[in-house]
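Thanks for coming. I will go through one structure today, a piece at a time, so please have a look at it before I start.

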Amino acid sequence: MFCIRCGNPIEDGGKFCTKCGAEIKMPGETPAEITAAAPAEVPIRKKSRLPLLLLLLIPLTGVIVFLVLIGFRKTEEKEDPYDRKLRMAARYLEELDYDRAIAAYQEAIEIDPSREEAYLGLADVYEEMEDYTGLISYLEQLEKSWDRDTPEDLPEDAIKEVHERLEMAYARLLDEAGAVNLTEALTMYGEARLTEDEEIVLTDLETWQSGSVWLEQKFNTKNGFAVFFSFQAGGGREYDFGGADGIVVTFADRMGLGGQGENLGFVEGSYGIEFDSFYYNDGDPEGKHIAFIDGSTSNHVSYVLDDRVDDSRWHRASVLYINNRMDLYVDGEKLLSEQVKLPDEVCIGITAATGDGMNHHWIKDFEVTEASLEKQQR
Ligand SMILES: [Ca+2]
Ligand SMILES: [Ca+2]
């Protein structure tokens with residue numbers, strides 16, 4: 001049998017032409033008979049169009065699939081290997097397969113250590129795992145990569161965000177490790193004393209004073225540590241010699257208290273971060289400054305000019321020491337960073353002094369924590 005419309009051969013019993021979709025009428029069958037079969041009318045009419053549509057769609061779909069495949073293969077070929085690792089890592093992370101996600105991100109870093117996405121991805125993984133030492137480690141590595149290849153246009157928001165995440169991670173570590181709070185185990189020298197509000201007065205607003213406060217334990221520097229504290233100094237500007245002299249966070253092999261005036265009570269021979277409000281013409285930068293000092297207050301390793309050392313307001317400072325690098329943050333802003341080789345064990349304390357000029361020097365919320373290096377060195 002053949003289709004009366006297009007001549008295509010039709011199998012016996014076929015109701016429609018498989019080529020043109022025309023209805024095949026059997027001998028003796030009339031249109032009247034078909035329309036009389038009311039219930040069958042709708043499906044018959046539908047069916048009569050479907051094969052036509054399919055005939056049009058099948059080749060079209062084929063072309064689309066073909067184009068998509070070609071396009072996909074081209075994307076695969078073109079995709080940057082680094083991006084591919086990121087994509088894989090993100091997929092593993094979605095599947096909660098942390099080990100594979102970590103491996104993929106690490107491979108991305110090997111491909112391009114200067115791009116930040118993989119470090120941030122690793123930070124996400126470790127944060128999800130609540131592994132804060134791991135989180136710190138990769139944020140630190142990201143900062144190091146910035147130090148190496150810092151693009152001039154690195155957005156400040158990105159830096160700030162990384163710092164905030166670091167602070168959060170250290171705060172969580174403090175919770176886990178149990179921070180050593182100065183108000184629980186401290187030794188004080190000179191004029192230093194604890195107030196009822198748990199603030200520590202290192203010097204009053206008087207001339208020729210000095211004071212220091214120390215934790216009564218030594219800290220293992222190999223593990224890395226974080227120091228947090230708030231400071232404020234001021235009040236002396238209206239006097240003859242102005243505000244003086246300053247505060248030093250000190251990392252020393254022993255507790256103690258050094259000389260007054262320009263010596264800031266600093267324990268000689270140790271490493272410190274000074275908040276110096278008085279210019280003294282023995283190596284001081286000309287202006288109020290914050291500096292890393294090595295050995296003595298006249299040896300400034302690096303500094304920034306900063307009036308916050310003498311404005312009678314509280315400021316939050318944190319010092320991070322990991323893998324022989326010391327970073328100082330004040331009010332969430334990274335001010336100084338240096339490679340520093342501290343002794344294996346140090347006492348951590350804060351000293352202050354006045355001279356002919358004076359300021360009150362106060363600190364509070366002074367906490368220190370050690371971080372586990374085991375995970376950080378992964
Ligand atoms: Ca000075
Ligand atoms: Ca100085």
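How many bridges join strand E7 to E16, and in which direction do the two strands run? There are 9 bridges between E7, residues 225-234, and E16, and the two strands run antiparallel. For a position to look at, take Ala226, which stands opposite Thr369 in E16.

Before going further, I should say that this is a predicted model. The protein has 378 residues, and 35% of them count as buried. It contains 8 helices and 16 strands. Take the contacts between residues at least 6 apart in sequence: 62% of them join residues at least 24 apart.

Back to E16, which covers residues 360-370. It is also joined to strand E4, residues 200-203, by 3 bridges, and these two strands run antiparallel as well. In that pairing, Thr203 stands opposite His361 of E16.

Now the helices, beginning with H3. H3 runs over residues 81-94, which makes 14 residues, and at 1.5 Å a residue it should span 20 Å. The C-alpha atoms at its ends are 20 Å apart, so the expected span and the model agree.

Which residues of H3 are buried? Lys85, Leu86 and Ala89 are. They cover an arc of only 100° around the axis, so they sit on the same side of H3. For those new to this, an α-helix has 3.6 residues a turn, so residues three or four places apart point the same way.

What covers the buried residues of H3? The cover includes helix H4, residues 98-111, and helix H5, residues 117-128.

Let me stay with H3 and H5. Two packed helices are described by the angle between their axes and the distance between the axes. Here the axes come within 11 Å and cross at roughly 10°. Angles under 35 degrees count as roughly parallel, and H3 and H5 are therefore roughly parallel to each other. On the H3 side the contact is made by Leu86, Ala89 and Leu93, and on the H5 side by Glu117, Ala118, Gly121 and Val125. Two of these names have come up already: Leu86 and Ala89 are buried residues of H3.

Also in H5 is Leu120. Leu120 has 18 C-beta neighbours inside 10 Å, so it counts as partly exposed. Its C-alpha atom is separated by 7.4 Å from that of Tyr138, and the two residues are 18 apart along the chain.

Last, the backbone. Following H3 comes Leu96, with a positive phi near 60°.

Two loop residues also have positive phi. Glu198 is in the loop between strand E3, residues 193-194, and E4. Its phi is near 65°, and it is not a glycine. Leu264, in the loop between E8 and strand E9, residues 271-276, is not a glycine either, and its phi is about 55°.

Are these two loop residues buried or exposed? Glu198 counts as exposed, because it has 12 C-beta neighbours inside 10 Å. Leu264 is buried, because 31 other C-beta atoms lie within 10 Å. The cut-offs are 12 or fewer for exposed and 20 or more for buried.

One peptide bond remains. The bond from Ala244 to Asp245 is cis, with omega near -5°. Asp245 lies in the loop between E7 and strand E8, residues 246-252. E7 is also the strand I began with, joined to E16 by 9 bridges.

Definitions and conventions. Residues are numbered from 1 along each chain as its sequence is written. Chains are lettered from A and ligands numbered from 1 in the order in which they are written. This is a predicted model: local features need pLDDT of at least 70, side-chain atom pairs count only at pLDDT 80 or more; totals for chains, interfaces and linings use all residues. Two strands pair if DSSP finds at least two bridges between them. Helices (H or I, at least four residues) and strands (E, at least two) are DSSP runs, numbered from the N terminus. The expected span of a helix is 1.5 Å times one less than its number of residues. The arc is that of the directions from the helix axis to the C-beta atoms. Two residues are in contact if their C-beta atoms, placed from the backbone, lie within 7 Å. Axes are lines fitted to C-alpha atoms, for helices over the stretch in contact, and angles run from 0 to 180 degrees between N-to-C directions. Angles under 35 degrees count as roughly parallel, over 145 as roughly antiparallel, 65 to 115 as roughly perpendicular and the rest as oblique.
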